[in-house]
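The questions below ask how certain labels attached to this structure are justified, and each answer sets a value against the rule behind the label.

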Amino acid sequence: MAGRPFSYRGQGFSLRGEKGRLVLPPSFRKVVRDSSHDTKVLCIAKHERWDCLTGFGLSRMDELEEQLDREEERAIRLEKDFDRDTRSAQLYGFMEVPFDDSGRFIVPEYLAELGGLEDQVFFQGGGAFFTIWNPAKLMEMGDDWAAAKAACKALMADADKPKRGRK
(Lines give C-alpha, C1' and ligand atoms only; values in the text may rest on other atoms or scores of the structure.)
Protein backbone atom coordinates (compact mmCIF):
# COMPACT_ATOMS: atom_id res chain seq x y z
CA MET A 1 0.00 0.00 0.00
CA ALA A 2 1.58 3.29 -1.10
CA GLY A 3 2.22 5.83 1.62
CA ARG A 4 1.73 3.30 4.40
CA PRO A 5 4.04 3.96 7.34
CA PHE A 6 6.30 1.08 8.29
CA SER A 7 6.97 0.51 11.96
CA TYR A 8 9.79 -1.42 13.63
CA ARG A 9 8.87 -2.57 17.11
CA GLY A 10 10.14 -5.04 19.65
CA GLN A 11 13.60 -6.41 20.19
CA GLY A 12 15.91 -9.08 18.88
CA PHE A 13 19.33 -10.56 19.49
CA SER A 14 21.98 -12.10 17.27
CA LEU A 15 25.42 -13.51 17.69
CA ARG A 16 27.83 -12.08 15.16
CA GLY A 17 29.03 -15.02 13.11
CA GLU A 18 31.80 -15.56 10.65
CA LYS A 19 32.41 -12.74 8.18
CA GLY A 20 30.52 -10.40 10.52
CA ARG A 21 27.20 -12.04 9.66
CA LEU A 22 24.13 -11.21 11.78
CA VAL A 23 20.57 -12.49 11.70
CA LEU A 24 17.83 -9.91 11.33
CA PRO A 25 15.00 -10.72 13.79
CA PRO A 26 11.95 -12.18 11.97
CA SER A 27 9.59 -9.32 12.87
CA PHE A 28 12.10 -6.74 11.56
CA ARG A 29 12.85 -8.88 8.49
CA LYS A 30 9.23 -8.72 7.34
CA VAL A 31 9.01 -4.94 7.79
CA VAL A 32 12.33 -4.36 5.98
CA ARG A 33 11.21 -6.56 3.10
CA ASP A 34 7.80 -4.86 2.88
CA SER A 35 9.33 -1.39 3.10
CA SER A 36 12.00 -2.27 0.52
CA HIS A 37 9.42 -2.93 -2.20
CA ASP A 38 9.39 -6.70 -1.52
CA THR A 39 13.16 -7.01 -1.95
CA LYS A 40 15.63 -8.27 0.62
CA VAL A 41 17.58 -5.03 1.03
CA LEU A 42 18.45 -3.55 4.42
CA CYS A 43 19.79 -0.02 4.79
CA ILE A 44 22.35 0.46 7.59
CA ALA A 45 24.04 3.61 8.87
CA LYS A 46 25.75 4.97 11.96
CA HIS A 47 23.17 6.55 14.24
CA GLU A 48 23.77 10.30 14.33
CA ARG A 49 23.69 10.65 18.15
CA TRP A 50 23.92 7.23 19.78
CA ASP A 51 26.82 4.80 19.80
CA CYS A 52 25.04 2.25 17.60
CA LEU A 53 23.89 1.58 14.07
CA THR A 54 20.45 2.17 12.62
CA GLY A 55 18.57 0.05 10.12
CA PHE A 56 15.55 0.64 7.88
CA GLY A 57 14.03 -0.27 4.53
CA LEU A 58 14.34 1.54 1.21
CA SER A 59 11.00 3.31 1.64
CA ARG A 60 12.62 5.67 4.14
CA MET A 61 14.39 7.38 1.23
CA ASP A 62 11.02 8.87 0.28
CA GLU A 63 11.07 10.81 3.56
CA LEU A 64 14.64 12.14 3.51
CA GLU A 65 14.01 15.26 1.40
CA GLU A 66 11.10 16.19 3.67
CA GLN A 67 13.36 15.68 6.68
CA LEU A 68 15.98 17.96 5.12
CA ASP A 69 13.35 20.61 4.50
CA ARG A 70 12.10 20.42 8.11
CA GLU A 71 15.63 20.60 9.55
CA GLU A 72 16.55 23.54 7.31
CA GLU A 73 13.33 25.41 8.19
CA ARG A 74 13.95 24.80 11.90
CA ALA A 75 17.53 26.07 11.63
CA ILE A 76 16.32 29.23 9.86
CA ARG A 77 13.61 29.77 12.47
CA LEU A 78 16.16 29.37 15.30
CA GLU A 79 18.72 31.45 13.40
CA LYS A 80 21.24 28.60 13.35
CA ASP A 81 23.61 27.55 10.61
CA PHE A 82 22.48 24.70 8.39
CA ASP A 83 24.62 23.08 5.71
CA ARG A 84 22.10 21.24 3.55
CA ASP A 85 24.80 19.51 1.49
CA THR A 86 26.55 18.09 4.55
CA ARG A 87 23.28 17.00 6.15
CA SER A 88 22.14 15.43 2.89
CA ALA A 89 25.39 13.47 2.65
CA GLN A 90 24.84 12.25 6.22
CA LEU A 91 21.25 11.14 5.61
CA TYR A 92 21.93 9.48 2.27
CA GLY A 93 25.23 7.93 3.36
CA PHE A 94 23.70 4.61 4.41
CA MET A 95 24.84 1.25 3.05
CA GLU A 96 22.41 -1.09 1.30
CA VAL A 97 23.07 -4.71 2.22
CA PRO A 98 21.24 -7.81 1.02
CA PHE A 99 19.86 -10.41 3.39
CA ASP A 100 18.80 -13.98 2.71
CA ASP A 101 15.50 -15.74 3.49
CA SER A 102 16.81 -16.59 6.97
CA GLY A 103 17.60 -12.92 7.62
CA ARG A 104 21.37 -13.34 7.49
CA PHE A 105 23.28 -10.28 6.39
CA ILE A 106 26.85 -9.04 6.59
CA VAL A 107 27.62 -5.77 8.31
CA PRO A 108 30.43 -4.00 6.44
CA GLU A 109 33.47 -3.87 8.72
CA TYR A 110 33.70 -0.08 8.74
CA LEU A 111 30.09 0.12 10.00
CA ALA A 112 30.68 -2.58 12.60
CA GLU A 113 33.59 -0.50 13.88
CA LEU A 114 31.56 2.73 13.87
CA GLY A 115 28.77 1.00 15.81
CA GLY A 116 31.17 -0.74 18.20
CA LEU A 117 29.70 -4.13 17.27
CA GLU A 118 31.38 -7.21 18.67
CA ASP A 119 30.19 -10.82 19.12
CA GLN A 120 26.72 -10.06 20.50
CA VAL A 121 24.22 -7.66 18.93
CA PHE A 122 20.90 -6.33 20.23
CA PHE A 123 18.16 -4.93 17.97
CA GLN A 124 15.70 -2.35 19.33
CA GLY A 125 12.62 -1.20 17.41
CA GLY A 126 12.28 2.56 17.04
CA GLY A 127 9.27 3.13 14.79
CA ALA A 128 10.58 4.38 11.43
CA PHE A 129 13.92 2.65 12.09
CA PHE A 130 15.57 0.21 14.46
CA THR A 131 18.86 0.36 16.26
CA ILE A 132 21.64 -2.22 16.30
CA TRP A 133 23.67 -2.21 19.54
CA ASN A 134 26.69 -3.72 21.13
CA PRO A 135 25.03 -4.70 24.46
CA ALA A 136 27.90 -3.10 26.42
CA LYS A 137 27.27 0.24 24.64
CA LEU A 138 23.53 -0.02 25.34
CA MET A 139 24.21 -0.61 29.05
CA GLU A 140 26.05 2.76 29.13
CA MET A 141 22.86 4.60 28.12
CA GLY A 142 20.78 6.44 30.72
CA ASP A 143 17.67 5.41 32.61
CA ASP A 144 15.50 6.21 29.58
CA TRP A 145 16.82 2.94 28.18
CA ALA A 146 15.89 0.75 31.19
CA ALA A 147 13.34 -1.36 29.26
CA ALA A 148 15.71 -1.92 26.33
CA LYS A 149 18.51 -2.86 28.74
CA ALA A 150 16.27 -5.37 30.52
CA ALA A 151 15.16 -6.90 27.20
CA CYS A 152 18.77 -7.10 26.05
CA LYS A 153 19.85 -8.86 29.25
CA ALA A 154 16.99 -11.38 28.93
CA LEU A 155 17.78 -12.11 25.27
CA MET A 156 21.48 -12.49 26.07
CA ALA A 157 20.64 -14.98 28.84
CA ASP A 158 18.39 -16.94 26.44
CA ALA A 159 21.16 -17.03 23.82
CA ASP A 160 23.60 -18.30 26.44
CA LYS A 161 21.39 -21.17 27.70
CA PRO A 162 22.33 -23.76 25.02
CA LYS A 163 26.02 -23.15 25.72
CA ARG A 164 25.60 -24.06 29.39
CA GLY A 165 24.17 -27.49 28.50
CA ARG A 166 27.18 -28.46 26.38
CA LYS A 167 30.23 -30.17 27.78
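Q: How much space lies in the largest pocket, and which residues lie nearest its centre?
A: In this predicted model, the largest pocket holds about 430 Å³ of space. Its lining consists of 20 residues, and those nearest the centre are Lys46, His47, Glu48, Thr54 and Leu91. Strands E3 (41-46) and E4 (53-56), together with helices H2 (61-77), H3 (84-91) and H4 (109-115), each supply at least two residues of that lining.

Q: What is the make-up of the lining of the largest pocket in nonpolar, polar and charged residues?
A: The lining of the largest pocket divides into 10 nonpolar, 5 polar and 5 charged residues.

Q: Why is Ser14 called buried?
A: Ser14, which is found in strand E1 (residues 11-15), has a relative accessibility of 4%; buried means under 20%, so Ser14 counts as buried.

Q: What makes the pairing of Ser14 with Val23 a candidate for a polar contact?
A: A polar atom of the Ser14 side chain lies 2.9 Å from the backbone nitrogen of Val23, and the cut-off for such a pair is within 3.5 Å. Beyond four places in sequence, Ser14 is also in contact with residues including Leu22, Asp119 and Phe123.

Q: How do you know whether Phe122 is buried or exposed?
A: Phe122, placed in strand E7 (residues 120-125), has a relative accessible area of 0%; the limit for buried is under 20%, and therefore Phe122 is buried. Among the residues that Phe122 touches, leaving out those up to four places away in sequence, are Phe13, Trp133, Leu138 and Leu155.

Notes:
Residues are numbered from 1 along each chain as its sequence is written. This is a predicted model: local features need pLDDT of at least 70, side-chain atom pairs count only at pLDDT 80 or more; totals for chains, interfaces and linings use all residues. Side-chain values use heavy atoms; hydrogens and water are left out. On a 1 Å grid over the protein atoms alone, a cavity is a set of points where a 1.4 Å probe fits but cannot get out, and a pocket is an open set with protein on both sides within 12 Å along at least five of seven lines; lining residues have an atom within 4 Å of a point. Grid points are joined across faces, edges and corners, and a volume is the space filled by probe spheres set on the points. Helices (H or I, at least four residues) and strands (E, at least two) are DSSP runs, numbered from the N terminus. Ala, Val, Leu, Ile, Met, Phe, Trp, Tyr, Cys and Pro count as nonpolar, Asp, Glu, Lys and Arg as charged, and the others, Gly among them, as polar. Buried means under 20% relative accessible area, exposed over 50%, partly exposed in between (1.4 Å probe, protein chains only). A polar contact is a pair of N or O atoms within 3.5 Å; within protein, one must be able to donate a hydrogen and the other to accept it, and residues adjacent in sequence count only if both atoms are side-chain atoms. Contact means heavy atoms within 4.5 Å.
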